[in-house]
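Me: I would like to go through the reasoning behind some of the labels given to this model, one label at a time. Please set each value against its cut-off before drawing a conclusion.

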Amino acid sequence: MLNTPAADGLIIPLINRTSKKTLDETEYDGIFTLTGSGIATEYASLASNKYDQEYKMVLSHGMKGMGMIYTINGRTYPDIDPLDVKRGDIIKVTLESKDMMFDHPMHLHGHFFQVLSKDGSPVEDGAIFKDTLVVKPGEKYELAFIANNPGEWMFHCHDLNHASSGMMTSVLYDGYAIPSHIDQSQPSE
Ligand SMILES: [Cu+2]
């Protein structure tokens with residue numbers, strides 16, 4: 001949300017479990033709240049579920065030679081274990097920033113995740129589903145998502161400088177075979 005007239009027409013269709021609105025009714029009324037904004041979702045809340053897999057991703061940065069690296073659990077892509085999932089699993093992910101300088105807009109491809117808690121406080125009632133979450137210095141979030149879209153999906157910082165300097169991993173489905181028409185010999189930049 002930007003404090004500029006150009007932002008007035010910028011409508012972002014957040015998905016909110018408790019909202020009664022449809023996309024057509026979504027409008028920016030000057031006040032954005034997690035619980036009062038957004039459109040209704042068909043997803044049930046994942047907050048009270050038992051989780052089939054739990055992962056923790058600690059975000060940080062460091063130096064390597066003369067350059068900066070951005071790390072998940074102290075490592076850089078591709079030297080980071082993927083989040084192994086099975087179709088139908090409910091996955092919990094803890095995102096914790098131990099980076100005291102940089103924001104990390106963490107983006108998961110192929111799924112929406114529910115934000116369960118921030119810094120230990122549950123996000124109640126207005127549970128929202130997102131595919132990107134800005135993790136600011138020192139913040140800690142718990143997320144959950146349903147593994148309902150088999151494949152190998154990137155889970156990375158959307159500051160692409162950070163991503164290309166290490167802050168990427170993937171959600172990898174059990175038994176998923178990379179389609180043969182994808183040429184794996186020439187990784188793209
Ligand atoms: Cu980042």
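Reply: Two strands are said to pair if DSSP finds at least two bridges between them. In this predicted model, 7 bridges join strand β6 (residues 90-97) to strand β12 (residues 140-146), so the two count as paired, and they run antiparallel. Within this pair, I91 stands opposite F145 in β12.

Me: What makes β8 a partner of β12?

Reply: Strand β8 (residues 113-118) is joined to β12 by 4 bridges, again in an antiparallel arrangement, and since at least two are required, the strands pair. Here S117 is the residue that stands opposite E142 in β12.

Me: Why is E96 called buried?

Reply: The relative accessible area of E96, which lies in strand β6, is 15%, and because buried means under 20%, the label applies.

Me: How do you know that the side chain of E96 makes a polar contact with the side chain of K56?

Reply: The two side chains come to 2.9 Å, and the cut-off for a pair of N or O atoms is within 3.5 Å, so the pair qualifies. E96 also touches other residues, including M57, V58 and E139.

Me: What makes H104, C157 and H162 the protein donors of the copper ion?

Reply: Their atoms ND1, SG and ND1, respectively, lie 2.0 to 2.1 Å from the ion, and because donors are N, O and S atoms within 2.8 Å of the metal, these three qualify. H104 in strand β7 and H162 in helix α1 are 58 residues apart, linking distant parts of the chain.

Me: Are H104 and H162 buried or exposed?

Reply: With relative accessibility of 0% for H104 and 2% for H162, both are buried, because the cut-off is under 20%.

Methods. Residues numbered from 1 in each chain as written. Predicted model: local features only at pLDDT ≥ 70, side-chain atom pairs only at ≥ 80, totals over all residues. Heavy atoms only, no water. Donors = N, O, S within 2.8 Å, 3.2 Å for Na, K, Ca; no water. Helix = DSSP H or I, 4+ residues; strand = E, 2+ residues; numbered from the N terminus. Buried < 20%, exposed > 50% of the residue type's maximum accessible area, 1.4 Å probe, protein only. Polar contact = N/O pair within 3.5 Å; in protein donor to acceptor, adjacent residues only side chain to side chain. Contact = heavy atoms within 4.5 Å. Lists of a residue's contacts leave out its neighbours within four places in sequence.
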